[in-house]
Amino acid sequence: MAGAENIVNEILREAREKADGTLSEAKRKADMTVSSAHADGVAEMSAAAERAEKAASDYAKRVESQVGLRRRQALLSARQDIIETVIEKAYQTLSSQSDEAYFEMIEKLVGRYAQPEKGEILFSARDLGRLPDGLTAAVEKAAAGRGGSLTVSETPAGIENGFILRYGGIEENCTLEALFDDKIDELRDRVREVLW
């Protein structure tokens, strides 16, 4: 029986050696798989980190661009508000100047806008009530200098300031508001040049 026992022991020993070899090979393959998976995981994590960093950088650039755009828009809007305020103050200053300065301005405007024909000039009720002595003669002289003639109408025009020139059925609006509106782009450009 000792021989049978030796054979069984020999078979068991060989089975153990074969099992140990199989386990060793399986362990080696498992280690290689784990190592490869680890390397792949590290590479994937690195690629994911690069993608995330690029996405964050792109987002930051977009946000910075939007902030810059909004800043420029706010600055432009503020500048436009300042320009409009300056123009409005200029209008108010001209509207509320002394009678003497106001009617001197009116004389100059008549000299600029009078036509070489016969017509009449209409003032607001307020201006008709405060016409200085000699304005009628100054208006006639300014119109004559342009080859025409103007008479002051006794009927007030429904305007705030300035005047209206009427030639036949055609009227030319020379109120301060109309003159400002006519030159608004030029006024804005001049204010912009002075301020910036």
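## A tour from the sheet outwards

Begin by selecting the four strands, which form an open sheet in the order β2-β1-β3-β4 with mixed pairing. In this predicted model, the edge strands are β2, residues 149-152, and β4, each of which pairs on one side only. If you look along the sheet, neighbouring strands are turned against each other by 25° on average, with direction ignored.

Next, add helix α2, residues 99-113, which packs on the sheet and touches β1 (118-122), β2, β3 and β4, while its direction makes about 30° with that of β3. Then show α4, residues 135-145, which lies across β1 and β2 and runs at about 160° to β2.

**The two helices together**

Keep α2 and α4 on display, and hide the strands for a moment. These two helices pack at an angle of about 25°, with their axes 8 Å apart. Since angles under 35 degrees count as roughly parallel, that makes α2 roughly parallel to α4. The crossing of α2 and α4 is right-handed.

Which residues make this contact? On the α2 side, select Phe103, Glu107, Val110 and Gly111, and on the α4 side select Leu135, Ala138, Val139 and Ala142. Coloured by class, the contact of α2 with α4 shows six nonpolar residues, one polar residue and one charged residue.

**The hairpin of β3 and β4**

Bring the strands back and select β3, residues 163-167, together with β4, residues 170-174, which pair in the antiparallel sense over five bridges. Starting from phenylalanine 163, you will find that its bridge partner in β4 is cysteine 174. Moving on to leucine 165, you will see that this residue stands opposite glutamate 172 in β4. Between the strands of this hairpin there are two residues, and here glycine 168 takes a positive phi near 65°.

**The whole chain**

Finally, zoom out until the entire chain is in view, and count six helices and four strands. Followed along the sequence, these elements give the pattern α-α-β-α-α-β-β-β-α-α. Is the chain as a whole more spread out than a compact globule, or less? The radius of gyration is 48 Å, which is well over the 16 Å that the globule rule gives for 196 residues, so the chain is more spread out than a compact globule. Turn the view to the principal axes, along which the C-alpha atoms of the chain fill a box of roughly 155 × 30 × 25 Å.

Key
Residues are numbered from 1 along each chain as its sequence is written. This is a predicted model: local features need pLDDT of at least 70, side-chain atom pairs count only at pLDDT 80 or more; totals for chains, interfaces and linings use all residues. Side-chain values use heavy atoms; hydrogens and water are left out. Axes are lines fitted to C-alpha atoms, for helices over the stretch in contact, and angles run from 0 to 180 degrees between N-to-C directions. Angles under 35 degrees count as roughly parallel, over 145 as roughly antiparallel, 65 to 115 as roughly perpendicular and the rest as oblique. A crossing is left-handed if the near helix is turned anticlockwise from the far one by less than a right angle, and right-handed if clockwise. Contact means heavy atoms within 4.5 Å. Ala, Val, Leu, Ile, Met, Phe, Trp, Tyr, Cys and Pro count as nonpolar, Asp, Glu, Lys and Arg as charged, and the others, Gly among them, as polar. Two strands pair if DSSP finds at least two bridges between them. The radius of gyration is taken over C-alpha atoms; the globule rule is 2.2 Å times the number of residues to the power 0.38.
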